[in-house]
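User: I have a model open and would like to go through a few of its features with you. Can we start with the surface?
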Amino acid sequence: MGQTKHTGPVKLPARPDPALWVSAVPFGLGKVKPHHIRETAKVVWDNRDNLPYAFRILTQGVCDGCALGVSGLYDRTLAGPHVCTTRLNVLRLNTMPAIKPEVLHRDIDELRRMDSTALRKLGRIPYPLMRLRGERSFRRVSWDEALDYAAAKIRAIDPKQLAFYLTARGITNESYYAAAKVARLIGCNNIDNASRICHSPSKTALKRSIGVGASTCSYKDWIGTDVLLFWGSVAATNQPVSTKYMYAAKRQGTKIIVINPYREPSMDAYWIPSVAESALFGTKLADDVYQVNIGGDIAFMNGVMKVWFEMEKRQPGSAIDHAFVAAHAGGYEQLREHVQAQDWADLERSSGLSRARIGELAELLARASSAVFVWSMGLTQHRFGTDNISQVANLALLRGFLGRERCGLMPIRGHSGVQGSGEMGADPFSLPGGEFKGADIARIERLWGFKLPEWPGDIVGVSLENALLPEGNDRQLKMFYTSGGNFLETMPDPNFVRRCLEAVDVRVHQDIVLNTSTLTDAQEAVIVLPAMTRYEQPGGGTSTSTERMVYFSPEIDGPRIGEARAEWRIYSDLAARVKPELKERLGLGSAAEIRREIALAAPNYDGIQHLAQRGDVFQWGGAWLCEDGVCPTEDGRGRLLPIEVPELRKPEGHFYVTTRRGKQFNSMIYGQTDPFNAADRYDVLMHPDDAGMLSLREGEAIVVYNAHGTFQGRVKTDEVQRGNIAVYWPEGNCLIPKGVYETYAGIPEYNTAVVVEKAETYHAHKDTKYVERRIEELETEIG
């Protein structure tokens, strides 16, 4: 780990820089862009019944949106206040009143006619609910009845037939830790978290490449680095406060490079509301955009390294930092041989970029003395996601962009709580402070005072699929306990997921609001438990940001919702009922007590026990992990890994499809129109030449389909790499195959191949073998 400490926030330049302006027209009038003033006014109106409390949450609490880690209105990167529309939109979840009883206890089919956006607006869940099979509505039950029913079911089944899942919706480290401990006390190792469907490959790849599973640098390192490269990450949309960091970087001469199949408008230009100059005239962000094919990133990176090795032949030392590699990286010769053997025609075909274009980025990085590589789900949500990230690590190791100022590897998190989930042990392969194996198991057993389950746990996707196993199978999922989350809107093949959810005997939904998955049937019972938000949690709570800052968020004075309880308290109460003989070993008496235990269980978190007041924060691991190139691996060196280009064959007329986000936070949709490109939720983004090839007009109805599903949409031409299309998530999940998981990290595949047809053509042939033949062609020709 690192010894250098974070030096705190820096100031922005006082004088404006017109060279970065997007337009001299104030506030971007007439342009397609978010309207921040209008959005803010709407948020004020939505929270008009609880404005004082809303103000206290914004000014005293740690943001429960993305994982940038804004405490109150301030962070550790830049001086001055920050606020963004993502945080403002999430705010209403914390301030709205309880659902009215006459609405909550309606006939279940009336509630099912609402989508998750409408259900969310009904308000907070006020008290425990239960609906037995055949009952037409939820009925109110006591906490004792709900927890006793759940505990009885757990005692009646094999622990392998139970699974826990925790989303990242404002969940604190204390709750993750309590859930991890309770699951293992019960004897269950099927516990998973939201990183499984976003960044699990990042942790897995970084651990195998450099020995750590977190960002090696801080946001502050963006500012003044030579190159800030966003790979498959649309930070301006998903982490809007980051645009202020990008602005600061641009002011110090940093070049911002974006690699994405779609030229994202928000990464081209952004009107940053907390920077007066940018709010008026906008800021040009991206200096260049490389539009890679969906799934073509490995080929692109092999191409970059191939150019570097060609440069080295002409002039040794012109591209590779040989001193760094010799001292801090193993596997150089094997990687060089592997890359040099790659055929340029194959790399160009797979990446979608020419040799010359690949060479431009290679030469830019070769000239750079520093760089920070940032990535997100554009790299991770593939069946080869871990290999994608190891390729990024290869680039950093070859150039020595690791363990020093303005350099590093950063998987940027989209949820405020998700970084801490695995570090707290809420993961089938992890324990607090370590892995679920060997010495770490022995260490945690000594601390906790009970034996851990010896069998390997399943990732959440497999747990859900296990619900359909035949009766008598010891892994047939019979009880599913989920804290937040909605798998109908986050997993591939929603219809299949619904079958899985409905096949479970008992489902427990611990949440603050209803969603569509809460309303699905179960074989025996659905139990709904009302949870507190992080701002209501007695004793406060902590969360870990992308840059490993552990922030304390205090309990904030304000209204409370009915019988809602702290999430860690619910887990503790459940365990006491399941294993009363081990009740004294739980040790989950208060938030402060949990933090003291976390400090013992997870050595990196030593210091969390001292967080107790508003503004308290520390960064585990120092400003830079792998400081001076020393990695926490057995030999102290990083590993250069030869990565094969995945075989992706696409017949003429077929497209790769990926999913993207619009006006939303995760699966919570806040608008039907994307504020950056004016697209509707059912618009299909495609290159104008591709549309012309199929004789498609702008706005024309089309059908996108494959063997997995059918998507009815409309053509919207835009700057998408040819041969690729983008649909909105989660609406497009019907096209994604179920049961396809990344080998090392278990993330579902979220990209696939499809046919695009005019709607009139598709429907004209629906009663013939035409569509079946096209699907068969797709299945046999796509590798």
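User: Which residues make the nonpolar surface patch?
Analyst: In this predicted model, V25, F27, L29, I37 and L280 make a nonpolar patch of about 470 Å²; patches take residues with over 30% relative accessible area and no salt bridge (a side-chain nitrogen of Lys or Arg within 4 Å of a carboxyl oxygen of Asp or Glu), joining nonpolar side chains (Val, Leu, Ile, Met, Phe, Trp, Tyr) within 5 Å and like charges within 9 Å. Areas come from the Shrake-Rupley method with a 1.4 Å probe, and for residues only the protein chains shown count as cover.

User: What should I know about numbering and confidence?
Analyst: Residues are numbered from 1 along each chain as its sequence is written, and side-chain values use heavy atoms, without hydrogens and water. Local features need pLDDT of at least 70, side-chain atom pairs count only at pLDDT 80 or more, and totals for chains, interfaces and linings use all residues.

User: Where is C626, and is it buried or exposed?
Analyst: C626 lies in the loop between strand 20 (617-619) and strand 21 (638-639), strands being DSSP runs of E with at least two residues and helices runs of H or I with at least four, numbered from the N terminus. C626 is buried, with a relative accessible area of 0%, where buried means under 20%, exposed over 50% and partly exposed in between (1.4 Å probe, protein chains only). Its phi is positive, near 55°, although C626 is not a glycine.

User: And R406, which loop holds it?
Analyst: R406 sits between helix 20 (385-399) and strand 12 (408-411); this non-glycine residue has a positive phi of about 65°, and R406 is partly exposed at 30%.
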